[in-house]
Amino acid sequence: MARVLYSAAMSLDGYIAGPGGDMAWLARHFGPDPDAEELASGAGALLVGARTYRGDDPNAGTDAEGAFGGTWSGPTIVVTHHPDAAPPPDVTFVGTVEEGLDRARAAAGDRDVHILGADLARQCLALGAVDEVAVSVVPEMIGDGVRLFHETGGMSVQLERTRLTGLPHTTTLWYRVVRSRP
């Protein structure tokens, strides 16, 4: 069964996108990254939130535009109440997170389902559907924007660090989501 993974690049102060979903700040930090390559090579399907799908791409207009620096081609399941009339190849629109998870898991087979989008990740965490979290911390503080994780009123998600890797300019934190014990 597919592993469900929330992976993101994050500023040191906890943001995965700037105000209004701006991702341009991230572009200056791109370069060879074995952690990103590992994540991309294990992907079998993407589960993407509507704002992320329609949002900013730090590589817009370049050969690296798209998920995983433009290397991704495969099933992309977008959770939205406003689907496009004519989706691009390999893109499927669904109306609920549960349906999105089911479709992404089926499409991924024994490979990973990658969640893209903070709100969608929050919903998947609330459902107990996330197996792992991988966060690459970028050496920049941007001060405002979309947080890696935000739940009004709070929600505790217990994590166990499984790895700590990184290059001189980023650090990737790898965690397993600890399941509640009955």
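**Exercise 1. A salt bridge across the chain**

Does E140 count as buried or exposed? Then find its salt-bridge partner and place both residues in the chain.

*Solution.*
Start with the ground rules. This is a predicted model, where local features need pLDDT of at least 70, side-chain atom pairs count only at pLDDT 80 or more, and totals for chains, interfaces and linings use all residues. Residues are numbered from 1 along each chain as its sequence is written, and side-chain values use heavy atoms, with hydrogens and water left out.

Step 1. Fix the terms. Buried means under 20% relative accessible area, exposed means over 50%, and partly exposed lies in between (1.4 Å probe, protein chains only).

Step 2. Apply them. E140 has 17% relative accessibility, so E140 counts as buried.

Step 3. Find the partner. A salt bridge is a side-chain nitrogen of Lys or Arg within 4 Å of a carboxyl oxygen of Asp or Glu. E140 forms one with R28, and the closest N and O atoms are 2.7 Å apart.

Step 4. Place the pair. E140 is in the loop between β7 (132-138) and β8 (146-147), while R28 is in the loop between α1 (24-27) and α2. The two are 112 residues apart, so the pair links distant parts of the chain. Helices (H or I, at least four residues) and strands (E, at least two) are DSSP runs, numbered from the N terminus.

Step 5. Check R28. Its relative accessibility is 57%, so R28 counts as exposed.

**Exercise 2. Two more salt bridges**

Describe the salt bridges D84–R54 and D131–R179. Then give the total count.

*Solution.*
Step 1. The side chains of D84 and R54 meet at 2.7 Å, N to O. D84 sits in the loop between β4 (76-79) and β5 (91-94), and R54 in the loop between α3 (50-53) and β4, 30 residues apart.

Step 2. D84 has a relative accessible area of 30%, so D84 is partly exposed. R54, at 41%, also counts as partly exposed.

Step 3. The side chains of D131 and R179 meet at 2.5 Å, N to O. D131 lies in the loop between α5 (118-126) and β7, and R179 in the segment after β10 (171-177), 48 residues apart.

Step 4. D131 is partly exposed at 24%. R179 is partly exposed at 35%. Elsewhere, salt bridges that share partners join R51, D119, R122 and E151 into one network.

Step 5. The count of salt bridges comes to 11.

**Exercise 3. Helix α2 and its surroundings**

Which residues of α2 are buried, and what covers them? Follow G42 as an example.

*Solution.*
Step 1. List the buried residues of α2: D35, L39, A40 and G42.

Step 2. Look at the cover. It includes β1, β3 (43-49), β6 (112-116), β7, β9 (159-166) and β10.

Step 3. Take G42, found in helix α2 (residues 34-42). Its relative accessibility is 19%, so G42 counts as buried.

Step 4. Find its contacts (heavy atoms within 4.5 Å). Leaving aside neighbours within four places in sequence, G42 is in contact with R111 and D112.

Step 5. Compare sequence and space. G42 and H114 are 72 residues apart in sequence, and their C-alpha atoms are 9.2 Å apart.

**Exercise 4. Two strand residues**

Where are S7 and T171, and what do they touch?

*Solution.*
Step 1. S7 is found in strand β1 (residues 4-11). At 10% relative accessibility, S7 counts as buried.

Step 2. Setting aside neighbours within four places in sequence, S7 is in contact with L39, H114, I115, L116 and A134.

Step 3. T171 is found in strand β10. At 35% relative accessibility, T171 counts as partly exposed.

Step 4. Not counting residues up to four places away in sequence, T171 touches V135, S136, V137, L164, T165 and G166.

Step 5. T171 and D35 are 136 residues apart in sequence, yet 9.3 Å apart in space, C-alpha to C-alpha.

**Exercise 5. An unusual backbone angle**

What is the phi of D90, and where does D90 lie?

*Solution.*
Step 1. Recall the background. Most residues other than glycine have a negative phi.

Step 2. Check D90. Its phi is positive, about 70°, although D90 is not a glycine.

Step 3. Place D90. It lies in the loop between β4 and β5.
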